[in-house]
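Biologist: I should be grateful for a close look at one part of this structure, with the reasoning set out step by step. Please begin with a charged pair and work outward from there.

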Amino acid sequence: MFKSFEEMQAAGKQNFEAYVASANAFNKGFQTLATEAAEYTKKSFEDTVALTEKVVASKSVEKAVELQQAHATKAYEGFMAQATKMNQFYLDAAKDAYKPLEAEMEKFAPKATK
């Protein structure tokens, strides 16, 4: 496998560098996820506060129920869109974290025979 100590040392260095690049990509992806989650939570809270103010100010029970139903529909649609968006962030983070390791892993994969 290795012909000399220098080759083994170089391979170890390459593996370590790939691991560090992978960890950095993974960390960056999760920072993006955390930022996105915090922004979504803040917006959701602000929307709920605005709804509460409108419901309290409404002149009838029917209007209050109408406002709540509209908010529930909007919140559900927003949540589903956000879940899809977050799923894509997870996939992108995983792909980016895997890229640096892929080349190193291929070096040790058995070669296919014809």
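Modeller: In this predicted model, the side chains of lysine 43 and aspartate 47 meet in a salt bridge, with 2.9 Å from N to O. Side chains of opposite charge can pair when their charged atoms come close. Lysine 43 and aspartate 47 are four residues apart in helix H1, and are therefore separated by about one helical turn. An α-helix has 3.6 residues a turn, so residues three or four places apart point the same way. Lysine 43 is partly exposed, because its relative accessible area of 43% falls between the limits of 20% and 50%. Aspartate 47 is also partly exposed, with a relative accessible area of 26%.

The structure holds five salt bridges, among them a second one in helix H1. There, lysine 13 and glutamate 17 meet through their side chains at 3.9 Å, N to O. These two residues of H1 are likewise four residues apart, about one turn of the helix. Lysine 13 counts as exposed at 54% relative accessibility, whereas glutamate 17 is partly exposed at 43%.

Helix H1 itself covers residues 5-57. At 1.5 Å a residue, its 53 residues should span 78 Å, and the end C-alpha atoms are 78 Å apart, so the expected and modelled values agree. Threonine 41 also belongs to this helix. Its side chain reaches the backbone oxygen of alanine 37 at 2.8 Å. Threonine 41 is exposed, because its relative accessible area is 52% and the limit for that class is over 50%.

Other positions of the helix are covered. Buried residues in H1 include Ala11, Ala18, Ser22, Gly29, Leu33, Glu36 and Leu51. By contrast, Phe16, Tyr19 and Val20 form a nonpolar patch on the surface, with about 320 Å² of accessible area together. Of these, valine 20 is placed in helix H1 and counts as partly exposed at 31% relative accessibility.

The aromatic residues lead from H1 to another helix. A search of the whole structure finds two aromatic pairs. In one of them, phenylalanine 30 and tyrosine 90 are arranged edge-to-face, at 5.8 Å centre to centre and with 70 degrees between the planes. Phenylalanine 30 lies in helix H1 and tyrosine 90 in helix H2 (residues 61-108), so this pair ties together parts that are 60 residues apart in sequence. Both rings belong to residues of intermediate accessibility: phenylalanine 30 counts as partly exposed at 32%, and tyrosine 90 is partly exposed at 45%. Ring pairs link Phe26, Phe30 and Tyr90 into a cluster.

Helix H2 has a charged pair as well. The side chains of lysine 99 and aspartate 96 meet in a salt bridge at 3.8 Å, N to O. Both residues lie in H2, three residues apart, about one turn of the helix. Lysine 99 counts as exposed at 55% relative accessibility, while aspartate 96 counts as partly exposed at 36%.

To return to the starting point, the bridge of lysine 43 and aspartate 47, at 2.9 Å from N to O, joins two partly exposed side chains of H1, with relative accessible areas of 43% for the lysine and 26% for the aspartate.

How values were computed
Residues numbered from 1 in each chain as written. Predicted model: local features only at pLDDT ≥ 70, side-chain atom pairs only at ≥ 80, totals over all residues. Heavy atoms only, no water. Buried < 20%, exposed > 50% of the residue type's maximum accessible area, 1.4 Å probe, protein only. Polar contact = N/O pair within 3.5 Å; in protein donor to acceptor, adjacent residues only side chain to side chain. Expected span 1.5 Å × (residues − 1). Patch = residues over 30% accessible without salt bridge, like charges linked within 9 Å, V, L, I, M, F, W, Y side chains within 5 Å. Areas by Shrake-Rupley, 256 points an atom, 1.4 Å probe, with all protein chains shown as cover. Salt bridge = Lys/Arg side-chain N within 4 Å of Asp/Glu carboxyl O. Phe/Tyr/Trp six-rings, centres within 6.5 Å; stacked < 30°, edge-to-face > 60°.
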